[in-house]
Number of protein chains: 2
Amino acid sequence: MVSVGAIERQTMVFDEPLELSSGIKLPHWQLSYETYGVANSQMSNAVLVCHALSGSQHAAGWYVDNPKDVGWWDNFIGPGKPLDTDRFFVISSNNLGGCHGSTGPLSPHPDDGEPYGGRFPVVTVEDWVHSQKRLAERLGINRFAAVVGGSLGGMQALRWAMDYPDCLQAAVIIAAAAKLTALNIGFNDVARQAIMSDPDFCEGNYYACEKQPQGGLRLARMLAHLTYLSDAHMAARFGRERREAETAYNYDIEFQVESYLRYQGSKFSDCFDANTYLLMTRALDYFDPAASRDNNLTHALAPITAKLLLLSFSSDWRFSPKCSEEITQALLQAKKRVSYIEIESQEGHDSFLLENSDYHRAVSAFMTTLA
Amino acid sequence: MVSVGAIERQTMVFDEPLELSSGIKLPHWQLSYETYGVANSQMSNAVLVCHALSGSQHAAGWYVDNPKDVGWWDNFIGPGKPLDTDRFFVISSNNLGGCHGSTGPLSPHPDDGEPYGGRFPVVTVEDWVHSQKRLAERLGINRFAAVVGGSLGGMQALRWAMDYPDCLQAAVIIAAAAKLTALNIGFNDVARQAIMSDPDFCEGNYYACEKQPQGGLRLARMLAHLTYLSDAHMAARFGRERREAETAYNYDIEFQVESYLRYQGSKFSDCFDANTYLLMTRALDYFDPAASRDNNLTHALAPITAKLLLLSFSSDWRFSPKCSEEITQALLQAKKRVSYIEIESQEGHDSFLLENSDYHRAVSAFMTTLA
């Protein structure tokens, strides 16, 4: 399939403070973003893509100076793809607190010019949505054709529909949840404890020590990666396959699945920031839009006017179809325009990032209905 | 319910070497064990209990000097309980490589008298079964009425039935599997990596450094504990319950599930040995009795003559009912006498340790049929 091709990372700088859910104000801040496709004169064909835990603004195409660095949703965004850049002007930004150019733990603290590190405030899904709204305003977008995201990105799309009902025509919410289960909060806490108990963590101020809690981040990612796949997928892909025929009777890599996991963990910990990982998992934990409405999700979703598409994947056990069904039920009770599809897939939560013709066709069909 | 009461830990010392699956020989070794109930004159009422990953020989009753230290299966072993000590003479031993008195990483190496530490060989389920057979011989037991175990303990019970068909009348195999899935091997590898990347691990020779990789062991246990429960159980028990009403916007304990997990992790890492944890998880990975029979489980189970009871729990996702069904199917194909029951339960893999009237009734009924 054709790609959007070479793209450039852009930055929008804001000098007006942003007040966060915690009450803390970020005096100056910036968002790193990319765009794909061409805006029409009214900017009415704009689509916002929201990323998940480990994502970035680099959702499609590649960089001229690094053609191998292909965006994380390149199979989804481009000419003729579900988010069709022949029709839509797609915007993807790095979340606040991220480690890909938006203001975050790596950015200089205004007081001393040293990295925020552990001083960077905890941010929420609501904070991200508000900051993205500011970006939209600066780009001259009054109303998105759609806000689209998977997993934590889907939570942002839902929050967009709730907080700025006049500013989007549609929302596509993929493999998301209205709130995390205790099991999911538990997995996040184990990941955070792995990072924070790494002796190189230095209370988050490891940049000054010229260290990084890479061991902890690696463990966190190994664990997360496991839970993003499904038992069936791993059985098909690795089973009990050995690296060597002979049993070594030690704790080195013996099974292929160990090799894969350790590699994935190491690769990730080489290029992602541990403080960002903490903050993204915490935003997941905190997301619970019904909490302020007596846990009544139907009431919480009342402000929505957008048309919604929800998707889940049959083998996803971290954000199971039940989670999407809960949102769908609440939307139906609130008499919203909602479609929901459970896609048959073997790849677990990761399915939302992968090519799957049923999945892609469903999103394409929905996008076609947008003006 | 009545308990077996005060009991004493016993030790059996072996001076005849034990050859392990790895080819390594343990010249001198010992097993720590306990017994409950009274042996009949022919020792034909003996029942062997095999423990799981974090278990020990202390399965029932309490110690005179520590009455609060109640055995891990006290609800299962005792007068009128499923393993009824009014009828049976129950023996429970600590696995070789354990940290509760059997020869293991904490024991002195014969060469220098220093703890084995990282030098202790990797042992297998087969090794445990062979060492337990030696213990049985020394106790004068020719044939067990039953060998009983859950999880890793169930794997031992299965192996007993395969390796010593003449030495047991029955086997009770609870929440076990004929082999681990890739997902389960993955979880074990994350746990081991957590321990081995702890800077206090010192390649397993941390006793000499007067340190312990407690941080790593704590993480390993937090993760394991999560996967032993079920999403439904955790939802009912913790849900999204907060410790405080106000959101703290930090990474301290905010949700009750975090508090519970961290407490469980710390408690465990205070009293368990990290080298033993490594070794027990590796034995789980390696267990695969069909591997040497062209992956034909039915052929592998051919030697069995014992009557078998298999049990699984509906909410167990680490050793799911499917795993027990796989063993049951193979046993049926091999024309063995097997009963299988899936018990309805909410508590996940941990169900095998908990009181559940259907579960206990099923085992009691089976045990009643034994001579």
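Which helix of chain A does A:Arg221 lie in? In this predicted model, A:Arg221 sits in helix H4, which runs over residues 214-228.

## The annotated binding site

The "binding site" label comes from an unreviewed UniProt entry, and it covers A:Arg221 and A:Asp350. These residues are spread over 130 residues of sequence, yet they cluster in space, with a largest C-alpha distance of 13.5 Å.

## Around A:Arg221

A:Arg221 has a relative accessibility of 12%, so it counts as buried, given the cut-off of under 20%. Setting aside neighbours within four places in sequence, its contacts are A:Ser54, A:Tyr228, A:Gln264, A:Gly265, A:Phe268 and A:Tyr277.

## Around A:Asp350

A:Asp350 is not in a helix or strand: look for it in the loop between strand S14 (338-343) and helix H10 (357-368) of chain A. A:Asp350 is buried too, at 15% relative accessible area.

With neighbours within four places in sequence left out, A:Asp350 is in contact with A:Tyr228 and A:Leu229. A:Tyr228 also turns up among the contacts of A:Arg221, so to speak on both lists.

## Cysteines without partners

How many disulfides does a search of the whole structure find? Zero, over all chains. Take B:Cys50: its nearest cysteine sulfur belongs to B:Cys167 and is 13 Å away. B:Cys50 is buried, with just 1% relative accessible area.

B:Cys99 is another case. The closest cysteine sulfur, in B:Cys271, is 7.9 Å from its own, which is too far for a bond, because a disulfide needs the two sulfur atoms within 2.5 Å. B:Cys99 is also buried, at 14% relative accessible area.

How values were computed:
Residues are numbered from 1 along each chain as its sequence is written. Chains are lettered from A and ligands numbered from 1 in the order in which they are written. This is a predicted model: local features need pLDDT of at least 70, side-chain atom pairs count only at pLDDT 80 or more; totals for chains, interfaces and linings use all residues. Side-chain values use heavy atoms; hydrogens and water are left out. UniProt positions are given in the numbering used here, feature names are shortened, and annotations may be inferred rather than shown by experiment. Helices (H or I, at least four residues) and strands (E, at least two) are DSSP runs, numbered from the N terminus. Buried means under 20% relative accessible area, exposed over 50%, partly exposed in between (1.4 Å probe, protein chains only). Contact means heavy atoms within 4.5 Å.
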